[in-house]
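Reader: I am a first-year student, and I would like a close look at one part of this protein. Please take me through its nonpolar core, and then show me what lies around it.

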Amino acid sequence: MGTANRIVIVGGGFAGFHAAKALVKAVPEDTEVVLVNKTDYFLYLPLLPQVSAASLDPRRVAVSLTKTLPKVRLALGTADKLAVDRREVTYTDPEGGSHVLSYDRLLLAAGSVNKLLPIPGVGAHAHGFRGIGEALYLRDHVIRQIELAAATDDPALRAARCTFVVVGAGYTGTEVAAQGPPFTAAVAGRNKALRGQKIRWLLLDVAPKVLPELDPRLSKAADKLLRKRGVEVLMGTSVEEATAEGVRLTNGEFVPTRTLAWCVGVRPDPLTDATGLATARGRIVVDATMAVPGHPEIFACGDCAAVPDLTRPGELTAMTAQHAMRQGKLAGKNIAASLGHGQIAQYKHHDLGFVVDLGGLAAAANPLGIPLSGLPAAAVTRGYHLAAMPGNRTRTLIDWGVDAVFGRQTVQLGLVRGDDVPLDTERPA
């Protein structure tokens, strides 16, 4: 390996990206930082609902890793194995080739994948929402269902194609459901055959209210907006069974539909099980410095790590982008410190609040605990996203302006088939 140290980071999401950025600033220039990631871009997940609703170009949420991290070597591929005793990571590149990377320090930041519950038919008939492929598929699928509805004379089939079910009333599911009605109205408005046709959007969750993590006032504001847009909000309700013809709900109702968007939540990437390291709730056990006990050369952060929440003793930090980003920054500095460059610190952060974009000039936010809704929330939400994105800010801002003035483009691209984005995929597309 030579005399210079090699630091390998597995995962280029919020945690891995910000760790790499912090590392290259803290270590000597001859230190090699290698980032193993399935794609050559950092995915800004919070804006995916806008991609699926055709209000944002998918390229805006894909930020080039080689451009934004010029001092980091990108190893394009998926990490498969970890040999702790030999200090080696094995990964497979996009063409099937297997490669082995040795390391002096390792950071596991593999993130999370779709959470699949054991409900009959869901794996076969639903689609998740964790990557650009899934967002593009949902975008095309919704447009296709509206266009096929306009082409049929069967009223029952037309109604089924014009019914869209979203499961999960957290941040992602709420945003998808909120942006859905304006999207389908724009598509259907260009089809004379659909004049007067009812288009249904349903949002389901076993939770008692929309956005249960937020302040009750914000939850109520989001619920009110959803209902104003015609979304049927069914709390305390989920899917009992999914079929090719529709979904049976836990309240006994059968809803004929051809669209089931699964936004229930996430689980740690399956790589966590393959590492052989101790886990808690499926996440790799680490201490407050994000080092793995018994393995001072290995660190973990983000959704795949069970980082203790020092602000809430006995709890783990939530699996959010906000925590992943801040953990990544500190993990990068701590890894550098473990090599003699700086001081190791513990992770201790309070939530700064959350933002939820509900489409157009509507949003819900609680920055620093201050509940906002309507236009002020929309300004804070979009401002936050622009500040948090590591690139493509100007292009994103332009897209928002073009969408506001000229409306969205509603054509199928046909780039992603349903078989390409199965819900039970091991890793996000």
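**The nonpolar core**

Author: Start with the largest nonpolar core, which has 109 residues. Among its members, V61, L106 and L108 touch the most others. Helix α5 gives the most to this core. That helix covers residues 132-151 and supplies 10 residues. Keep in mind that this is a predicted model.

Now zoom in on L108. What does L108 touch, not counting residues up to four places away in sequence? Take the partners in sequence order. V10 and L82 are among them. Then come T275, L277 and I284. The list ends with I298, F299, A300, C301 and C304.

There is also a second core, separate from the one around L108. This second core has 15 residues, including V167, V247, L249 and L423.

Follow V247 into its strand. V247 is the bridge partner of A242 and sits in β15. Strand β15 covers residues 246-249, and strand β14 covers residues 239-242. The two run antiparallel, joined by 3 bridges. Together β14 and β15 form a hairpin, with 3 residues between them. A word on strands as such: they pair in a sheet through backbone hydrogen bonds, either parallel or antiparallel. In a regular strand, side chains alternate between the two faces of the sheet.

Next, look at another set of strands. An open sheet has 3 strands in the order β24-β25-β26. Its pairing is antiparallel. Which strands sit at the edges? They are β24 (355-357) and β26 (372-373), and each pairs on one side only. Strand β25 covers residues 363-365 and is joined to β24 by 3 bridges. One pair to find on screen is V355 with its bridge partner in β25, A365.

Now step back to the protein chain. Its secondary structure comes to 12 helices and 26 strands. Why call the chain compact? Its radius of gyration is 22 Å, close to the 22 Å that the globule rule gives for 429 residues, so the chain is as compact as a globular protein of that length. Along its principal axes, the C-alpha trace spans about 70 × 45 × 40 Å.

How much of the chain is buried? Buried residues make up 52% of the 429 residues. Now take the contacts with a separation of 6 or more: 67% of these are between residues 24 or more positions apart. Last comes the surface. The accessible surface of the chain is about 18600 Å², and 54% of that belongs to carbon and sulfur atoms.

Notes. Residues numbered from 1 in each chain as written. Predicted model: local features only at pLDDT ≥ 70, side-chain atom pairs only at ≥ 80, totals over all residues. Heavy atoms only, no water. Core = buried A, V, L, I, M, F, W, Y, C linked by side-chain atoms within 4.5 Å. Buried < 20%, exposed > 50% of the residue type's maximum accessible area, 1.4 Å probe, protein only. Helix = DSSP H or I, 4+ residues; strand = E, 2+ residues; numbered from the N terminus. Contact = heavy atoms within 4.5 Å. Pairing = 2+ DSSP bridges. Rg over C-alpha atoms; globule rule 2.2 N^0.38 Å. Areas by Shrake-Rupley, 256 points an atom, 1.4 Å probe, with all protein chains shown as cover.
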